[in-house]
Structures are given as structure tokens and as C-alpha cells.
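Here is a quick tour for anyone opening this structure for the first time. Have a look at the chains, and then we'll walk through a few spots together.

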Amino acid sequence: MRITIDRDRCIGSGQCAMTAPGVFTQDDDALVTLVPGYEEGTEDPRVHDVPMACPVQAVEIHED
Amino acid sequence: MTKTEIRRPGEPVPSFPQDRTCPYQPPKAYTEWRGDAPLTQVTLFDGRPAWLITGHAEGRALLADPRLSSDWGHPAFPVVVRRTEDRAGLAFPLIGVDDPLHARQRRMLIPSFGVKRMNAIRPRLQSLVDRLVDDMLAKGPVADLVSAFALPVPSMAICELLGVPYDDHDFFEESSRNFVGAATSAEADAAFAELYKYLHGLVVKKQAEPQDGLLDDLIARQLEEGGLDHNEVVMIAFVLLVAGHETTVNAISLGALALMQHPEQIEVLLEDPGAVSRVVDELLRFTSVSDYMVRMAKEDIEVGGTTIKAGDAVVVSITLMNRDAKAYEDPDVFDARRHARHHVGFGHGIHQCLGQNLARAELEIALSTLFTRIPGLRPAVPLDEVPIKAGHDAQGPVELPVTW
């Protein structure tokens, strides 16, 4: 699994950080940031809900 | 398929919007529009036909689709509310503009509404809510839950966040209500002018004597450095102040009303502090305070086998999307144990509510505290005697007499 984020699309709604806290966070500009170490995925099942929770499709999960 | 095929020839096209009868249920006519098709045709007050989007999945896709415009300044932009008939070129920042201008404005503001910032203000919200409940208890029943509780919570919160003096709240609560609730363009223009003048004066004062707030930050980081001009700062303040006053007040009062009408659901709210955010999401889905979003198609768009043509008016029914049986089982049932994932109570796409994390914090703290500290809280009048706002407005009670 790979998680990719698109900070150009991000509107800072924070839905990723609310849905899967610990995997996603917001930087000082309130833009999506992946917590280091999670680029290759995680066992946390909540991340699968993040692409739908994001209002602007800024998060994608790629199942390898 | 052409646009006329969605209704049988001769069948009258219903008008939109219509008034609710029950404060938290859609008007009966709306529920009849939920068919197999994800959209239907309606007529706006000026006779213009519009597509009403009723399907949850289709509505979400459209709200995220850059082929739909939110440019209120466009001469052909649809008018749903009579008060905005004569828009006089008012380009409201954020809500009334498309990207890239929208993105530029939003990026300036999102740090002030970020998840960390909102978590940090929770203790302040809790003490504010506690103080308001103290006052209600001290005065004793009957109380108007709207003026005693549901309005002061978001009003104080947005004032503090923006750096607007709450001492002036009587003035701007009234002008904000007059602007949004205006029956005519002239009334809306008058309320707009009053509030604009006030905020213009406030920005001038803040330039001379900076304080601590979002507006002060905007002045220091954008106005002084040329990122925004004076008018843009005042207009952003206007949009945030009105949005802060006309939405959460309804969500708190309508949420409290739905809970009081379903006392068994109050137990769910109180049994586990971890359940509060889930209950709030279900209330946002069930009550749909912001009933609809207005857009205009910039290009032809296919939806469920129907073509929305470039230039067509599109109204996205938040209420019906949140009550789509394809997305939620028994959608008309308020079930506090439900996981109301992906509801569109805050909208969807680039215009999704900027203040949603603040609103969530306010709702979670306000509702859990209210029902914890005032057991037995209940309406003091029958449900059908609760006065409610018109169909075009944000949905909620005008006043809500409660006793305990």
C-alpha cells in the first residue's frame, strides 16, 4: 500500500486528520501532511475512509 | 436524453425552495422528489428552471466538479433568494468566487480554522458554554434556547476568533439576521451597508491599534504587505461574521430540538463521551441546516443519463442527499448510534465549510453540556408551535421555548 497526498488540491478541511489521526496531520499552513513513516501504508483501517472523507480528493491510497 | 424527459409532458414543475412544516424534516414535496433519478426539475421564484440534485453520490461528485461555478458575480448566476435579486456586483469572497481566486483567499484563512487550533480553543468553549448554562439555571424556566444559548455560543466564539468586540453583539447579530432574513434586495442592501460600515471602521481601528485575532493577522500579513486590499479584508470579515452567526445557531437549536423529541437518543449522547462526535454527525445529517447549495454549469455535464447544459442552474439539495436511501439505511430515522459517514451537512468540494471544525467543537461541547447539566430539558410548546425559518433561509427555529 502507498498513500499519496496532493497539497496543491488541499483546502485544509482537516478531514484526513480527523478520520485517521496519527497518520495524517496538518502543518502550520493547515495543509495535509503525512506523518513520517506512513508513505508505504499502515495497518490502521481508518485510512481507507480518508479518500472519501476528503472533500477535494487530495488523498489517494494505492493498493500494490 | 433531453431535459424535458425527466418529467412527463404536462406535469407541473414544482417550485423551489419550499418551507418545512416540521423543523427537522424536509417539506413533504421534497420527499416525493426522491425517485430512481438522482436529479429532478424545479422552478425558481423568478421562473427560471433549475436542476435539483437529490442523489448522494451524484451530488458529491458535482460539488467536487470544477465544471460547476459558484461565481455569484456572473450576470447569469441563478438567484434562489429574492433578497439577492439585485446583486449589484457584490462579489463575496470565498463563497461567491471560483478557483483560483477562491483558493488564494481560502489559503490565507485555513490556519485559523485548522484542527490543532480548534482543539486548542475547546477549553475556552467549554467555559463559555458552562457560563451560559449557569445563567439559564439561575434564571429558571421557561427559557428561549435560541437567544439564551444557541446564538451566544457561536457569536462569542466567532468574535473571539476574528477579534471582533463581543460588546457590539446586539448590533451585528441584528444586522446579520436582517441581511440573511431580508425579504427584498433593498432590505438586504440596507443591512449589508450597516454591517459593512461597522467592519470598515473596525479594520481602520485595528490598523492603528492591532490586537489578537484573525482579522489582525490578515491586516498584518496581507493588507500591509499588499496581498489583500482594504475592501477584501472587510468583505472577508463580513462573510466570516455572517457565516458564524447564521449557521451554528441553527445547528445547536435544531440539534437540541431533535434530541428533545427523541429522548432515548439523549441517552446515547450521554452514555459515552467518545460517542458525542458521532451523534453530532448524525444530527448534521438528519437536520441539514444548510438545505441547498446553488451552482451554475460552465459546461455540459452528464448526470444519471441526463445532460445538464452549460448555463443551466443547478441546486444541490443537501437535505435530500443526506436522506438518500442508497447512502443511509432508513434515512428518515434519527439514529444516534449510526455512523453518518460522508454526510454533506458542511457541503463538499472546494467550498466545504471553512468553519466546520469550529462548528463541530461548538456542537459537541454545547449539546453534551446542555443535556448533562439540565436533565429533563424539554420543549415548553408543542412541536408544531415552534416558529421556524423560511425554506430559502438556513433551517432552524426562530425561537425555542424550553423548560426543565
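## Starting at one leucine

Leaving aside its neighbours within four places in sequence, which residues is Leu44(B) in contact with? Keep in mind that we're looking at a predicted model here. The list runs to Phe16(B), Ala50(B), Pro78(B), Val79(B), Val80(B), Ala313(B) and Val315(B). Take Phe16(B) as one of them: it sits 28 residues away from Leu44(B) along the chain, yet the two C-alpha atoms are separated by 5.5 Å.

As for its place in the fold, Leu44(B) belongs to the loop between β1 and β2 of chain B. Its relative accessible area is 3%, under the 20% cut-off, so Leu44(B) counts as buried.

## The hairpin around it

The strands on either side of that loop, β1(B) and β2(B), run antiparallel and are joined by 5 bridges. You can pick out facing residues: Thr40(B) is opposite Leu52(B), and Gln41(B) has Trp51(B) as its bridge partner. Between the two strands of the hairpin there are 5 residues, and Gly47(B) takes a positive phi near 90 degrees.

How much of β1(B) is buried? The count is 4 of its 5 residues, so the strand is largely enclosed by the rest of the structure.

## Two open sheets in chain B

Zoom out a bit and the hairpin turns out to be part of an open sheet of 5 strands, in the order β1-β2-β8-β5-β3 of chain B, with mixed pairing. At its edges are β1 (39–43) and β3 (68–69) of chain B, each of which pairs on one side only.

Chain B also has an open sheet of 3 strands, ordered β4-β10-β9, and here the pairing is antiparallel. The edge positions go to β4 (143–144) and β9 (378–379) of chain B; each has a single partner strand, so one side of each has no neighbour in the sheet. Between β9(B) and β10(B) (residues 401–403), which run antiparallel, there are 2 bridges. Arg378(B) faces Thr403(B) in β10(B).

## A threonine in a helix

For a helical example, try Thr248(B), found in helix α12 (residues 248–261) of chain B. Is Thr248(B) buried or exposed? With a relative accessible area of 8%, under the 20% cut-off, it counts as buried. Setting aside neighbours within four places in sequence, its contacts are Pro154(B), Ala359(B) and Glu362(B).

## Where chain B meets chain A

Now for the meeting of the two chains. Chain B brings 18 residues to the contact and chain A brings 25 residues. Together they bury about 1600 Å², with 50% of that on carbon and sulfur atoms.

What kinds of polar links cross over? There is 1 salt bridge across the interface, and it pairs the side chains of Arg341(B) and Asp49(A) at 3.3 Å, N to O. There are also 12 residue pairs in polar contact between chain B and chain A, both partners at pLDDT 80 or more. On the chain B side, α3 (101–109), α4 (115–120) and α16 (356–373) each supply at least two residues. The largest share, 3 residues, comes from α16(B). Sorted by class, the side of chain B that touches chain A has 5 nonpolar, 7 polar and 6 charged residues.

How values were computed: Residues are numbered from 1 along each chain as its sequence is written. Chains are lettered from A and ligands numbered from 1 in the order in which they are written. This is a predicted model: local features need pLDDT of at least 70, side-chain atom pairs count only at pLDDT 80 or more; totals for chains, interfaces and linings use all residues. Side-chain values use heavy atoms; hydrogens and water are left out. Contact means heavy atoms within 4.5 Å. Buried area is the accessible area (1.4 Å probe) that two parts lose on being put together, summed over both. A salt bridge is a side-chain nitrogen of Lys or Arg within 4 Å of a carboxyl oxygen of Asp or Glu. A polar contact is a pair of N or O atoms within 3.5 Å; within protein, one must be able to donate a hydrogen and the other to accept it, and residues adjacent in sequence count only if both atoms are side-chain atoms. Ala, Val, Leu, Ile, Met, Phe, Trp, Tyr, Cys and Pro count as nonpolar, Asp, Glu, Lys and Arg as charged, and the others, Gly among them, as polar. Two strands pair if DSSP finds at least two bridges between them. Buried means under 20% relative accessible area, exposed over 50%, partly exposed in between (1.4 Å probe, protein chains only).
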